[in-house]
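Colleague: Hi! Could you walk me through this one while I have it open on my screen?
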Amino acid sequence: IADALVMRRLFDSLWEQGLVVFATSNRPPDDLYYNGIQRELFVPFIDECKERNEVHHLLSPTDYRLMGTKAATYMSPLNDTTQKQAEDLFHRLTVTDPDTSPKTVELNGRTLKVPMGSFRNGVAWFTFADLCAMPKGAEDFIAIADTFPTVFVVDVPTLTRNEMNQVRRFITLVDALYESRTKVVFTAQSYAHELFVGDGGPEDELFAFDRTVSRLTEMQSLEYLEMAGRREEPTIKGNMFASLRQGDRKLTDEEAQDLWNFYDADLNNEMTVLEAELLMRDLCQIVHGCDCITEDHVTEAFSRITHSPTGNKERDARAEPGRGINRSEFREGFGHLVEYVRKEVPANC
C-alpha cells in the first residue's frame, strides 16, 4: 500500500505542475493494485488517471522477450547431468579466485548468507530454497543483484498452488535479477513455461507468473546476456586494457580468464564472431580512441585465430564458417587481435 500511495502522490505532483505524462503498464488502469490491501485508498488515483490520460491498449500477439537466440543458462530437468553442468560452469567462472567459500552481504544491519561465491569474479551460488523458502524479499534480492553480476539459482522445483509463498518470492527474485540486468544460471525441474502447474491460486500471482516465465525466457537469450555483461565493463576494461596503451605485454592467465568470462556472453565456452566483434570494438576504443571496426575487420581478424592463415585473405575469411574460438585459442590469439587493431584498423575514425 505504501508504494501505491507514493505513486499516487507522484502523479498528482506531476499533473499539478502541468506536465504531460506518458506511462506504460502491464495492467489497464482499472486493474492497477489489483486485490491490494486497502485498495480503496488507491481507487481515486485510478479514476483521475483515466480522466487525465488517454489509455491505449497495445494488444500485440507477439511477446518479444521470447524471440532471442537461446543460450545454455537454463538447465532442466534436475539430475546429475544438469548439476554437473552448473558446477562446471561455476568453476569456470571463478577459476581465477581460489576462495569460493561462503560469503556474506551486509544489508541495513542484517547479513545475507551466500553459500558459495567470489567477490573477485562477481559470481554467487544459491539454491532455490536459500532464496525462496526463507523469509526474504525484494530488498534482499536487489542487494544480491547489486553485489554479484552473475548468480546461480539451482534446484528450482515445479511449483503448485500449495507453495504460493515460494511462488511470490520467486516472482520477486526474477523481477529483481531481470531489472538489474544480472546474468542468471538456473537448474530447474521443469522448463520455464511448466514451472507452475495446476489451476487456481490468487489471480494477481498467476498474472505475475506469466510475466516471470516471459522474463526467464528472455534471460536465456544471447541478447540479454550481452546486455547484462555490460555491467562489468568499467572494471574489466580498467584492469585488463589499461596496460595495452603502454606496450605489447601479454595477458596473464588470470587476465585472459577474466576477459574470456566477460566476452563469452552466452557462457557456452566458445567465443562467436559477434562476441569477438564486441571485444574488437572495445580494443579499438582503447587503442585509437574511436570505433572504426567493420565487418570485414572482424572476419579477417577472427580467421587469424580460428585457423592458420594461408596468405589468401579471401579464402582465409571463408574457412571454417561459424566456428567459434575456444579458450586456448583466445589466450594464444589475443595478441593477434591487439596487433591487428593497432596496425590494420585506421585510426582516423
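Colleague: Which residue of β7 is the bridge partner of Tyr74?
Modeller: Phe186 is the β7 residue that bridges to Tyr74. Keep in mind that this is a predicted model.
Colleague: Thanks! How many bridges join β1 to β7?
Modeller: Two bridges link them, and β1 and β7 run parallel.
Colleague: And what stands opposite Phe186 on the β6 side?
Modeller: Val153 stands opposite Phe186. The strands there are β6, residues 150–156, and β7, residues 183–188, which pair in the parallel sense over five bridges. Another pairing with β7 is that of Val151, whose bridge partner is Val184.
Colleague: Nice. What is the strand order in the whole sheet?
Modeller: The order is β1-β7-β6-β5-β4, so to speak, in an open sheet of five strands with mixed pairing.

How values were computed:
Residues are numbered from 1 along each chain as its sequence is written. This is a predicted model: local features need pLDDT of at least 70, side-chain atom pairs count only at pLDDT 80 or more; totals for chains, interfaces and linings use all residues. Side-chain values use heavy atoms; hydrogens and water are left out. Two strands pair if DSSP finds at least two bridges between them. Helices (H or I, at least four residues) and strands (E, at least two) are DSSP runs, numbered from the N terminus.
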